[in-house]
Amino acid sequence: MWGNNVRLISVLLGGANLLVAVLGVVLLFVAYSSSCNRRRRILPFLLVSIFATLRILTIFKIAHAQEAITTSILDSPATTDALDIVVRRDRRIKYKRWLWWTRFAIVVTLLQFVAATYLIFTVAKFVSRDETSNQCVLGLAPSSDGWKQKTMALFMILTCFVALVQCFTGSDVLTWRSFYKSQDNAWKAHYHEVFDHGIREALCCLGRFEYLSVLEEDEVRSVARLLGELVTYRATGTGHLELLTGLALLQKHNQSPKSYEGFVEAPVKHLQAAITLHKFAEAAYTGPLLDLGRNLFLFPCTWLYRQGIFTPWTRNRRPILTGDNWWRGHAAAFLKFINLSPEVLRRGRVCQKRCEAAYFIVVLHHIRSVVIAVRGTETPEDLITDGLGKESPLSFKDLDGLMNSNHINPEIRHHVESSFPHYGHSGVIEAARDLYEQVEGNSEQDSELVGFLSSLLGAGCECEGYDVRIVGHSLGGAIAALLGLRLYSKLPNLHVYSFGPLPCVDSVVADACSQFVTSIIHDNEFSARLSVGSIMRLRADLITALSEDTKTDRTLIFKLAQRFLYVSQTQPTQTTNLRIEDPAERRFESSINEDLGHDSHRGGQERDQEFSLQNKIDSRENDVKIDDDDCTNPFASDHANQKDDPVSQFMDMVPNSESQPISDPHEMFLPGLVIHMVPEKRNFGMLSWQGKLSYKAFIVDRECFQDMVVSTSMFLDHLPWRCHQAMKKVLEARNSGALDDVSQMA
């Protein structure tokens with residue numbers, strides 16, 4: 001019926017289970033027909049036979065479910081939305097049936113393993129004793145016929161074999177590739193459904209039951225669609241382990257240190273302000289995630305301590321936050337981390353809804369500042385917001401701080417207006433819009449603030465003339481930047497400090513907000529490079545890494561190249577612009593914004609912005625255009641036969657970050673002025689574990705973060721306290737160098 005679609009291992013295991021069931025029935029019949037008085041010992045043999053029969057049943061059910069799924073995927077027409085809902089419901093029912101039978105097969109496999117262990121234990125118990133003629137296994141006395149003893153031995157061997165092998169072979173009976181072959185759309189639809197069900201069930205296990213019944217297009221479905229597009233390399237038979245091999249090669253290639261010669265070091269003023277405000281961004285993580293990273297074994301105790309569980313008598317003195325628990329634990333955790341009195345926390349929200357950010361508003365009278373701290377990724381809903389990474393258009397209201405501010409250079413404002421539409425990270429945009437409604441509202445009267453911030457910063461109010469600082473880490477840093485883009489026209493004393501943010505705006509907007517947004521990146525942290533474009537290019541870089549490795553199977557490389565060639569179908573033929581500019585001029589452009597938002601320095605900033613824009617206009621006159629037809633594939637041995645080589649076709653057709661114009665609105669960039677903190681030398685010895693590494697901070701191009709860097713520290717570098725430690729070491733090194741200079745002059 002299924003022919004070549006069945007996995008060979010499934011056939012072998014099915015036959016083995018059938019033989020186990022048949023042998024079990026034979027042995028049970030022999031036991032009951034014998035004179036052995038130990039019939040109660042047949043229980044493990046009976047269980048093994050029953051579970052083997054159930055496993056055979058699940059094999060057929062899973063095969064039928066897989067066939068129904070593939071038929072639904074391959075026969076689904078591209079029709080109207082109404083019919084699409086019907087098709088989607090039918091497909092979801094079939095996928096649920098397949099998932100439930102798959103999980104039932106996993107349960108049966110575990111039961112078979114337990115039954116096999118019980119069987120071995122029972123037999124070993126008899127063997128270890130001094131048996132008599134009436135002490136037998138399954139009624140077979142030592143004097144029984146030889147075929148009976150051999151049958152029992154074969155039964156035990158097959159039982160152990162099946163129990164062990166099934167733990168490592170998976171539950172699929174049919175090969176998906178035999179149905180989908182190289183049809184990209186079919187593989188996308190398949191993995192789309194797999195991720196959609198997986199994410200919804202994971203959310204359900206975390207108490208978000210409402211996601212299970214949603215059939216319409218929602219955030220989970222958008223994230224699942226994106227993940228499905230990233231895993232379609234399976235269409236050519238490429239396995240996950242082969243992709244991991246490519247990642248290992250990329251890590252090996254990325255180990256060479258990058259030179260920062262010609263880059264300007266970050267101003268001390270920026271670093272001092274950033275290290276002062278970083279604790280607010282870190283304190284916004286009021287859940288157990290922060291304590292889990294710092295205290296792996298004692299995190300429950302430390303989290304409960306920060307939540308104020310051990311001091312319930314202070315509950316009434318804590319501020320009331322939207323979404324907080326009854327003992328106001330999140331407010332207590334935030335205040336305990338920043339070590340300030342409850343009076344400074346004026347407003348906040350601890351949210352567990354999709355595309356909504358948790359935030360805290362703090363008033364610091366001693367430094368005349370209002371701080372808005374935005375929490376990063378901590379809940380499953382935050383992960384969904386992260387996953388909504390495709391571009392979405394920015395409205396004029398989203399860019400109100402650039403379009404209507406009197407403190408933005410007119411030429412920069414005109415450049416932003418003339419280059420509409422602009423794009424940003426879809427999930428970040430939606431979360432920033434919601435956060436604006438929370439802190440300021442959506443109504444305006446004579447261009448005056450009319451929201452919560454106006455009650456603090458308006459004329460004659462408590463915080464009139466105070467500076468406004470918006471801080472956030474990771475996802476919170478990206479949301480903070482988008483919020484600052486909307487508030488800057490009304491709050492000229494505003495400055496945003498984003499620590500390890502996601503790329504969230506296009507290049508024009510990212511350049512334009514350098515005056516009041518600062519992004520601080522710690523070494524190789526992955527979040528600063530995490531975008532749809534960077535992940536797509538990472539897949540392409542795997543081919544380059546595998547091609548350059550002489551030990552890699554060329555067949556694997558060709559498979560990968562053929563798989564990725566579909567990208568060229570949607571990429572128009574382009575010319576590549578190579579900008580020729582002086583690196584020193586570029587460093588000077590990036591370093592002009594040293595002010596923290598005070599009016600006394602604003603005039604100098606406008607003159608510097610004029611100079612920066614003029615440099616950009618002049619540099620366009622020196623652009624050199626190189627046609628793609630002039631480029632050759634470095635991996636092809638014969639250029640004349642280049643079109644017949646899949647690797648060569650891929651290298652020619654798939655654009656990389658260097659061949660794409662940096663003004664591409666679909667490419668996301670880090671917002672504002674970008675400061676990169678790097679260790680002076682990478683050392684994985686004892687010194688690095690003791691915190692003896694010294695750091696330097698440079699102002700760099702945001703284009704440096706377009707591509708993902710595969711590194712062993714890419715996730716650990718994203719931990720918020722590591723960024724704080726790096727900034728602290730930079731300032732210590734600067735102060736030490738200044739003291740040395742003074743002593744030498746003396």
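A cavity is a set of points, on a 1 Å grid over the protein atoms alone, where a 1.4 Å probe fits but cannot get out; lining residues have an atom within 4 Å of a point. Grid points are joined across faces, edges and corners, and a volume is the space filled by probe spheres set on the points.

This is a predicted model: local features need pLDDT of at least 70, side-chain atom pairs count only at pLDDT 80 or more, and totals for chains, interfaces and linings use all residues. Residues are numbered from 1 along each chain as its sequence is written, and side-chain values use heavy atoms, with hydrogens and water left out.

**Exercise 1. Cavities**

Find how many cavities of 30 Å³ or more there are, and describe the largest cavity.

Solution.
- Start with the method. Rolling a probe the size of a water molecule over the atoms shows where empty space is left.
- Count next. There are five cavities of 30 Å³ or more.
- Take the largest cavity. Its space is about 70 Å³.
- List its walls. The lining has 13 residues, and S10, L13, R55, G170 and D172 lie nearest the centre.
- Assign elements. Helices (H or I, at least four residues) and strands (E, at least two) are DSSP runs, numbered from the N terminus. Two or more lining residues come from each of α1 (8-33), α2 and α4 (146-169).
- Find the main contributor. α1 gives the largest share, four residues.

**Exercise 2. A nonpolar patch**

Which residues form the nonpolar patch on the surface, and which helices supply them?

Solution.
- Set the rule. Patch residues have over 30% relative accessible area and no salt bridge; like charges are joined within 9 Å, and nonpolar side chains (Val, Leu, Ile, Met, Phe, Trp, Tyr) within 5 Å. Areas come from the Shrake-Rupley method with a 1.4 Å probe, and for residues only the protein chains shown count as cover.
- Name the members. They are L43, L46, I50, Y118 and F121, with about 440 Å² of accessible area together.
- Place them. α2 (43-75) and α3 (81-127) each supply at least two residues. α2 has the largest share, three residues.
- Check one member. I50 sits in helix α2. Its relative accessible area is 39%, so I50 is partly exposed. Here buried means under 20% relative accessible area, exposed over 50%, and partly exposed in between (1.4 Å probe, protein chains only).

**Exercise 3. Salt bridges**

How many salt bridges are there, and where do the partners of K94 and D434 lie?

Solution.
- Recall the principle. Side chains of opposite charge can pair when their charged atoms come close.
- Apply the cut-off. A salt bridge is a side-chain nitrogen of Lys or Arg within 4 Å of a carboxyl oxygen of Asp or Glu. The count is 16.
- Look at K94. Its partner is D90, with the closest N and O atoms 3.3 Å apart. K94 and D90 are four residues apart in helix α3, so about one helical turn separates them. D90 is partly exposed at 34%.
- Look at D434. It pairs with R349, the closest N and O atoms being 2.7 Å apart. D434 lies in helix α16 (residues 426-439) and R349 in strand β2, so the pair ties together parts 85 residues apart in sequence. Both D434 and R349 are buried.
- Add R722. It bridges to D717, with the closest N and O atoms 3.7 Å apart. R722 is partly exposed at 26%, whereas D717 is buried at 3%.
- Finish with a network. Salt bridges link R92, D196 and R200.

**Exercise 4. Backbone details**

Locate the cis peptide bond from F420 to P421, and say where N339 and D523, with their positive phi, are placed.

Solution.
- Take the peptide bond. From F420 to P421 it is cis, with omega near 5°. P421 is in the loop between α15 (410-418) and β6 (422-425).
- Turn to N339. Its phi is positive, about 60°, although N339 is not a glycine. N339 is in the loop between α12 (329-338) and β2 (345-349). With a relative accessible area of 66%, N339 is exposed.
- Turn to D523. Its phi is near 50°, again positive in a residue other than glycine. D523 is in the loop between β9 (517-522) and α20 (532-548). At 6% relative accessibility, D523 is buried.

**Exercise 5. Cysteines**

How many disulfides are there, and are C355 and C704 buried or partly exposed?

Solution.
- Use the rule. A disulfide is a pair of cysteine sulfur atoms within 2.5 Å. The count is zero.
- Check C355. At 2% relative accessibility, C355 is buried.
- Check C704. At 28% relative accessibility, C704 is partly exposed.

Notes. 1 Å grid on protein atoms, 1.4 Å probe; cavity = no way out; pocket = protein on both sides within 12 Å on 5 of 7 lines; lining within 4 Å.
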